[in-house]
Amino acid sequence: MNLTNLIVISVVGTGISSIAIQIITVREFLSQFAGNEITISLVLFCWLLVGGFGSLVSKSFPTKSVPAYSVISLVTALFPLIQISAIRVFRDTIFIHGESPGFYPVFFFILTFSAPYAFLIGFLLPYSLSVIRAQGGAFSSGQLYITDNIGDIAGGVLFSFILVYLLSPFQIIVVTSSLLILVSLVLLIRARGYLLFAASLVSAAVFLYAALEKDIELRTLQNQYGPDIVSYRESPYGRIVLTREDGQYTIWESGSPTYSTFTITAAEEKVHYPLSQVDRIEDVLLVGGGIGESVDEIMKYSPRSIDYVELDPALITTARTHGLLDPDGKVKTVLADGRRFIAASHHRYSAIILDLPEPDTFQVNRFYTSEFFSCCKNILTRGGILSFSLKANPNYLSEEQVKKLSSIYNTIRTHFKQVLLIPGEEIYFLASDELLSSDIPLNLRKKSIATSYIEGFYHGDVTPERIRFVNQSIDPDEPVNTDLRPRVVNIMFQEWFKKYGTSPNWFIAVLIAVIAGYISMIRKEEFVLFSTGFAVMGVEMLIMFSFQVLYGYIYLKLGAIITSFLVGLLPGAILGNRWKTRGREMLIKAEAGMILLLMIYLVWAAFSRSVMPEFVFFLYGFFFSMLCGVQFPVAAEIIGEDRSPAAGLFAADLVGAGAGTLAIGTLVIPLLGIQAAVAVLILLKVASTAVLSRG
């Protein structure tokens, strides 16, 4: 096999590794910072922006030899293990253990620990083309783009549908880096770099030992979870860790504690506040929070049945294995997305109890919207009750907390005649069509139900003044929270910034200035690729958000969405390579196709309330990315292969993608909703079309 073919195979290996490592890195930062869409967008933004810088640097890199390429490829293959380990180890070294850092500390931490690998990936792709040509090989920028897409598709499919279900992050790194390691070693032998080969072989052996030794991976988690880790499992939905300290168990989901033993106060509030309001309890639906004392408290009402809905099977398995979930025969555990289960259920319940995180992500916000409350109302019996809680200080409510409580109160009030807020450890929402009482101890005495906390401490903690203060704080003019206009997500983002006394305004201003300066210096063909990268990532986030709202968080399906975009790029690049001589006309046609698809999405978001079949989203992502894929080979042909267009085009694509991820995912959708996000993308593509049309 000649050197060109080996380098081409290494490009495929780079694609396989980069996609898998990108997803692992996002999941790692989410676990370290209990993150939301801001964290995801920051990771992708840093990754893409630094990758674009790496592509630009490769253009002026003086050495274009096979040994240099082999060493850089090997470093790229081995570095992810160092990156993930460093993120885990230094998170609690740099920040105080248990601290939740603000926006700028999180941003600089993400940038510091994701930049080296992102730079290597961005550098390596155009550099591979330079090395091929330096060795006399014939390979075009369009062919490089196609080859990279093949690797990306393979990496996306391999991770999303196979590896994430079977292996830990360190083991996944070994599998996805193996092809690039192997080809790098073969290239060193072919280049007669025997000393470098020996050093590389030793490095690869150390890498394999460290990645496959389970104790080493477990030790990298001890900074975050402490030395007493009883169980550690990775699932498609996140990381499940069980710790034990002084005889007390704590279950962590993706870095956040979701259950601790001896939390009787929270269990009593969660169960008795709503159930004591209902004359007769028959069937109870518990969404989340079924581990621990909650089920025992519900059983005091002698219900006919309890349905406990939990998304992650790994959480249930861990709890059962260690004796934390051993429900009575009347409890039925349902492994499903809570919203999808409620929307599809024909069973009627006396009470629905939601024990869910704060609505600070699009995924969780789905459980606090008008559409969801309507579904809950449909499956409640006459006089049934819906209950959930939100974090807020009952003695003082910030402006953002008032907005959050008001938006959700106004939203649920459109579906239930009575809504009562009770300020316990959290602010509990009770919603029913029957009268509600805040005198919980009296309700319990009438039912002869004994409690530990409520019976002795309720009236001392939940005073009439606090109840009155919280309920009178509600602003009736605050907009309701809906699926496609996630008002509460925006409020939660504002609360997050205000909590640390920071504002993203300076960050946004600097970013706009840098991107404006970058755009002013690039070719018009590169600007088209910039706008296309912006649009494709913007559309990907739009589809993921819409899909989550309509169908719930199903990791397999989200993986399918990502893969549909990757798969669409390949035929687009092949067609673009075939039609590249058509030049500007072909670019304009692709632009027109993207604008048409965006307008179709806008019409659906604005006027349709029907649930689209799942495959429609996959096809939409496929065709949109296919139009994007057409443009790279055509733009490279217009610039001319003799002017080495790959580096500049890759950089423009990556920088645009990073900007699109940040703008659409963290600003436009939370602030203005889906329709406004689509409109922004349409305006951008109209602008790039106008630039092309000027000649």
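**Exercise 1. State which phenylalanine residues form one aromatic cluster, and how many aromatic pairs are counted.**

Solution. One aromatic cluster is made up of Phe 29, Phe 33, Phe 90, Phe 95, Phe 109 and Phe 113. The model is predicted: local features need pLDDT of at least 70, side-chain atom pairs count only at pLDDT 80 or more, and totals for chains, interfaces and linings use all residues. Residues are numbered from 1 along each chain as its sequence is written, and side-chain values use heavy atoms, with hydrogens and water left out.

The pairing rule applies to rings of Phe, Tyr and Trp (its six-membered ring) whose centres lie within 6.5 Å; planes under 30 degrees apart count as stacked, over 60 as edge-to-face and the rest as tilted. By this rule there are 34 aromatic pairs.

**Exercise 2. Classify the ring pair Tyr 225 and Trp 252, and explain what the pair ties together.**

Solution. Step 1: the ring centres are 5.4 Å apart and the planes stand at 80°, so Tyr 225 and Trp 252 are an edge-to-face pair.

Step 2: helices (H or I, at least four residues) and strands (E, at least two) are DSSP runs, numbered from the N terminus. Tyr 225 belongs to helix 9 (residues 222-225) and Trp 252 to strand 3 (residues 248-253), so the pair ties together parts that are 27 residues apart in sequence.

Step 3: buried means under 20% relative accessible area, exposed over 50%, and partly exposed in between (1.4 Å probe, protein chains only). Tyr 225, with 6%, is buried, and Trp 252, with 19%, is buried.

**Exercise 3. Repeat the classification for Tyr 601 and Tyr 620.**

Solution. Step 1: the centres of the two rings, Tyr 601 and Tyr 620, are 5.3 Å apart with planes at 65°, so this pair is edge-to-face. Step 2: Tyr 601 is in helix 24 (residues 584-607) and Tyr 620 in helix 25 (residues 614-639), 19 residues apart, and the pair links distant parts of the chain. Step 3: Tyr 601 and Tyr 620 are buried.

**Exercise 4. Identify the residues that touch the most other members of the largest nonpolar core.**

Solution. Step 1: a nonpolar core is a set of buried Ala, Val, Leu, Ile, Met, Phe, Trp, Tyr and Cys residues joined through side-chain atoms within 4.5 Å. Step 2: the largest such core has 144 residues, and Leu 42, Tyr 601 and Phe 624 touch the most other members. Step 3: helix 4 (residues 103-134) supplies the largest share of this core, 18 residues.

**Exercise 5. Describe the surroundings of strand 5.**

Solution. Step 1: in strand 5 (residues 283-287), five of the five residues are buried, so the strand is largely enclosed by the rest of the structure. Step 2: in a regular strand the side chains alternate between the two faces of the sheet. Asp 283, Leu 285 and Val 287 point one way from strand 5, while Val 284 and Leu 286 point the other way.

Step 3: two strands pair if DSSP finds at least two bridges between them. Strand 5 runs parallel to strand 6 (residues 305-310), to which five bridges join it, and Leu 285 is opposite Asp 307 in strand 6. Strand 5 also pairs with strand 8 (residues 349-354) in the parallel sense, over four bridges; there Leu 285 stands opposite Ile 352.
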